[in-house]
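Here is a short report on one chain. Look at the sequence and the fold first, then read on.

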Amino acid sequence: GDASNVGLIADSAALYEVIRREVTAERVRAHFREVCRGEVERFEVPNLKALNFLLHDSLGGGGTASLLTDAQGKTHGQGMLEMEIEVPGELL
């Protein structure tokens with residue numbers, strides 16, 4: 001397929017609430033604007049304190065059609081970690 005799947009897991013309930021507030025589908029779409037040509041869907045997984053994102057049309061046609069060196073989207077997880085968000089000082 002041509003969608004990349006990126007997960008983000010918090011290590012505490014308080015941090016989960018921060019990423020739930022700060023890491024919206026719209027902000028992820030803007031952050032990946034250079035590689036994601038489609039919509040971004042966000043799924044909340046509160047029992048794991050996690051968010052999961054599907055970045056549609058982000059792999060240049062998919063694994064078998066793309067000439068990109070990262071045809072399967074492995075570096076999108078690292079790219080997500082580079083997204084800046086506001087985190088209260090006591091959680092740092």
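Buried residues make up 34% of the chain's 92 residues. Buried means under 20% relative accessible area, exposed means over 50%, and partly exposed lies in between (1.4 Å probe, protein chains only). This is a predicted model: local features need pLDDT of at least 70, side-chain atom pairs count only at pLDDT 80 or more, and totals for chains, interfaces and linings use all residues. Residues are numbered from 1 along each chain as its sequence is written, and side-chain values use heavy atoms, with hydrogens and water left out.

**Overall layout**

The chain holds three helices and three strands. Along the sequence they follow the pattern β-α-α-β-β-α. Helices (H or I, at least four residues) and strands (E, at least two) are DSSP runs, numbered from the N terminus. About 5800 Å² of the chain is exposed, and carbon and sulfur atoms supply 52% of that area. Accessible areas come from the Shrake-Rupley method with a 1.4 Å probe; for residues, only the protein chains shown count as cover. Of the contacts with a separation of 6 or more, 61% join residues 24 or more positions apart. Contact means heavy atoms within 4.5 Å.

**The sheet**

The three strands form an open, antiparallel sheet in the order 1-3-2. Strand 1 and strand 2 stand at the edges with a single partner strand each, so one side of each has no neighbour in the sheet. Neighbouring strands are turned by 20° against each other on average, direction ignored. Strand 1 and strand 3 pair in the antiparallel sense over six bridges. Two strands pair if DSSP finds at least two bridges between them. L8 has L51 of strand 3 as its bridge partner. Helix 1 packs on this sheet and touches strand 1, strand 2 and strand 3. The direction of helix 1 makes about 160° with that of strand 2. Axes are lines fitted to C-alpha atoms, for helices over the stretch in contact, and angles run from 0 to 180 degrees between N-to-C directions.

**Two sides of helix 1**

Helix 1 spans residues 13-22, and its L15, Y16, V18, I19 and E22 are buried. These residues cover an arc of only 160° around the axis, which puts them on the same side of helix 1. The arc is that of the directions from the helix axis to the C-beta atoms. A13 and R21 are exposed on the other side. The buried residues of helix 1 pack against strand 1 (4-9), helix 2 (25-31), strand 2 (40-45) and strand 3 (50-55).

**Individual residues**

H76 is found in helix 3 (residues 76-81). Its side chain makes a polar contact with the side chain of S4 at 2.7 Å. A polar contact is a pair of N or O atoms within 3.5 Å; within protein, one must be able to donate a hydrogen and the other to accept it, and residues adjacent in sequence count only if both atoms are side-chain atoms.

G38 and H56 are 18 residues apart in sequence, yet 4.7 Å apart in space, C-alpha to C-alpha. Leaving aside neighbours within four places in sequence, G38 is in contact with R29, H56 and D57.

Most residues other than glycine have a negative phi. K49 is not a glycine, yet its phi is positive, about 55°. D57, also a residue other than glycine, has a positive phi near 55°.

| Residue | Location | Relative accessible area |
|---|---|---|
| H76 | helix 3 | 7%, buried |
| G38 | loop between helix 2 and strand 2 | 16%, buried |
| K49 | loop between strand 2 and strand 3 | 28%, partly exposed |
| D57 | loop between strand 3 and helix 3 | 37%, partly exposed |
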